[in-house]
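Subject: Structure handover

Hello,

Here is the structure you are taking over, followed by notes on what was found in it. Please read them with the structure open.

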Amino acid sequence: MVKSNVNKSVFEKILAIFAWLFFVIAIITALLSVFSSLSSEKNGKEVFGVKFLIVASDSMSKSALSKNETIYFDAGDLIIVKTTKDNTKFKVGDVITFVSYNPDSYGKTLTHKIREVNYSTSGKLIGYTTYGINTGVSDKALVSPNSIIGKYFGKIPKLGNLFSYLKTPAGYYLSILTPSVLLIIFFSINVGKYFGRKEALAEISNPQQFNELQERIAMLEEKYSSFSNNAENLQTQAQEIEDIAITTDYIKKVSFAEKLLRLDEYKQQFFNTIHNHLISYKKINDRVSFKCISYRMGRKLIAKMTVRGKTLKLHLALDTKAFNKNVFFQKDMSMVKAYSEVPFTVKVKSGRAEKNAIKLVEQLMSEIGAIKNPKYNEINKLEILKNK
């Protein structure tokens, strides 16, 4: 029984690999069909400023005369041409695509290299002398700027042959039928797997097996419930401890400055950084009271900092709903009278929280139209509070 299940599992994995392989081939074939419809031996269709052209001759292929050339391509390659608007700025050595006015290739689209730029006696551009690197012979007719399609950008070897085939009746039907058949196979395999799973579930018809499964589910639910309750209890206990710390401070009449100076050096540094950032803006004044330090712009309260237990808190005049809670972890304190003007509350307990606090201060200053004071010099507010 175990061996049978293992064999079945391996077979299902192989089947899934083939299903996805069929799906990928179908998508690639469909994309090739789309690009083949955009390509041409003549002008082709422009897509995002480029054209795909199928090379029809070997006039730009390597030969003894062109062994040192860096740009070359053969018949059957697919070249990418970047279309241009200003065709008067090409220089010697550029490879351009143009509509030919040569007697032997009149009306065809050619891609050749510029040998010479020709000007009239008055300095006006007449046209370009071009040539195919395979023979080195110059084209008989000058290429005027109006007949230029664009500049050579790159090539994909031999892909043009495939696109040419896909344009034939046989290739057309193949490009339509292949993706369709492969997608049918892909969906058939997945439908078969679905019904296979359904059949496997239907095998659990024995009442004893069903009861055993129910017992296991009940046991897992009980464990999860116990874990959730423990998590809630820990959270409640943490809140109770903080409430006790706040109440103790109130009974002992511990001031904001004293609580701030009791914090560890990291949180004291967070306070100094945020404080300096707040008052580095013009017209922002700070005031230390028994309960907190507040910041105003004129008469308007814009921010506060408080200490609760061992936690530094920043309160800002921002809308709590305007920021992603999963990023800033803000709390809405608008229901508490003391924070109704500055309801956006965050805890500053880490370097990341400090950076987020700075971002929030900058957003606040932007909203109230505050301007940075270029002459501001940082101060150590903690040292000032110690000496008071």
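A residue counts as buried when its relative accessible area is under 20%. Thr306 has a relative accessibility of 2%, so Thr306 is buried. Please keep in mind that this is a predicted model.

Thr306 belongs to strand β10, which covers residues 300-308. The side chain of Thr306 also has a polar contact, at 2.8 Å, with the side chain of His315.

The sheet

Seven strands form an open sheet with antiparallel pairing, and their order is β1-β2-β3-β7-β4-β5-β6. At the edges are β1 (46-47) and β6 (125-131), each of which pairs on one side only. As background, the strands of a sheet pair through backbone hydrogen bonds, and the pairing is either parallel or antiparallel.

Two of the pairings can be followed residue by residue. Strand β3 (residues 78-83) runs antiparallel to strand β7 (residues 148-156), and six bridges join them. In this pairing, Leu78 stands opposite Ile156 of β7. Strands β5 and β6 are also antiparallel and are joined by six bridges. Here Glu116 is the residue opposite Thr129 of β6.

Strands β5 and β6 make a hairpin with five residues between them, and Gly123 in this hairpin has a positive phi near 90 degrees. Although β6 is an edge strand, β6 is mostly covered, with six of its seven residues buried.

Helix α6

Helix α6 consists of 15 residues, 265-279, and spans 21 Å from the first C-alpha to the last, close to the 21 Å expected at 1.5 Å a residue. At the N-terminal end, Asp264 acts as the cap: one of its side-chain oxygens is 3.0 Å from the backbone nitrogen of Tyr266.

How much of α6 is buried? Of its 15 residues, 11 are buried, so the helix is largely enclosed by the rest of the structure. The buried residues include nonpolar ones such as Phe270, Phe271, Ile274, Leu278 and Ile279. Among the others that are buried are Lys267, Gln268, Asn272, His275, Asn276 and His277.

Pocket and cavity

The second largest pocket has a volume of about 600 Å³. Its lining is made up of 26 residues, and those nearest the centre are Ser57, Ser59, Thr109, Leu110 and His112. Sorted by class, the lining holds nine nonpolar, 11 polar and six charged residues. Strands β2 (50-54) and β5 (109-119) each contribute at least two residues to this lining. The most comes from β5, which supplies four. Strand β5 therefore appears twice in these notes, as it is also the strand joined to β6 by six bridges.

How many cavities of 30 Å³ or more does the structure hold? There is one, and the volume of this largest cavity is about 30 Å³. Its lining comes from two stretches of sequence: Phe98, Val99, Ser100, Tyr101 and Asn102 in one, and Ala141, Leu142 and Val143 in the other. The lining of the cavity has six nonpolar residues, two polar residues and no charged residues.

Regards

Methods: Residues are numbered from 1 along each chain as its sequence is written. This is a predicted model: local features need pLDDT of at least 70, side-chain atom pairs count only at pLDDT 80 or more; totals for chains, interfaces and linings use all residues. Side-chain values use heavy atoms; hydrogens and water are left out. On a 1 Å grid over the protein atoms alone, a cavity is a set of points where a 1.4 Å probe fits but cannot get out, and a pocket is an open set with protein on both sides within 12 Å along at least five of seven lines; lining residues have an atom within 4 Å of a point. Grid points are joined across faces, edges and corners, and a volume is the space filled by probe spheres set on the points. Two strands pair if DSSP finds at least two bridges between them. The expected span of a helix is 1.5 Å times one less than its number of residues. Buried means under 20% relative accessible area, exposed over 50%, partly exposed in between (1.4 Å probe, protein chains only). A polar contact is a pair of N or O atoms within 3.5 Å; within protein, one must be able to donate a hydrogen and the other to accept it, and residues adjacent in sequence count only if both atoms are side-chain atoms.
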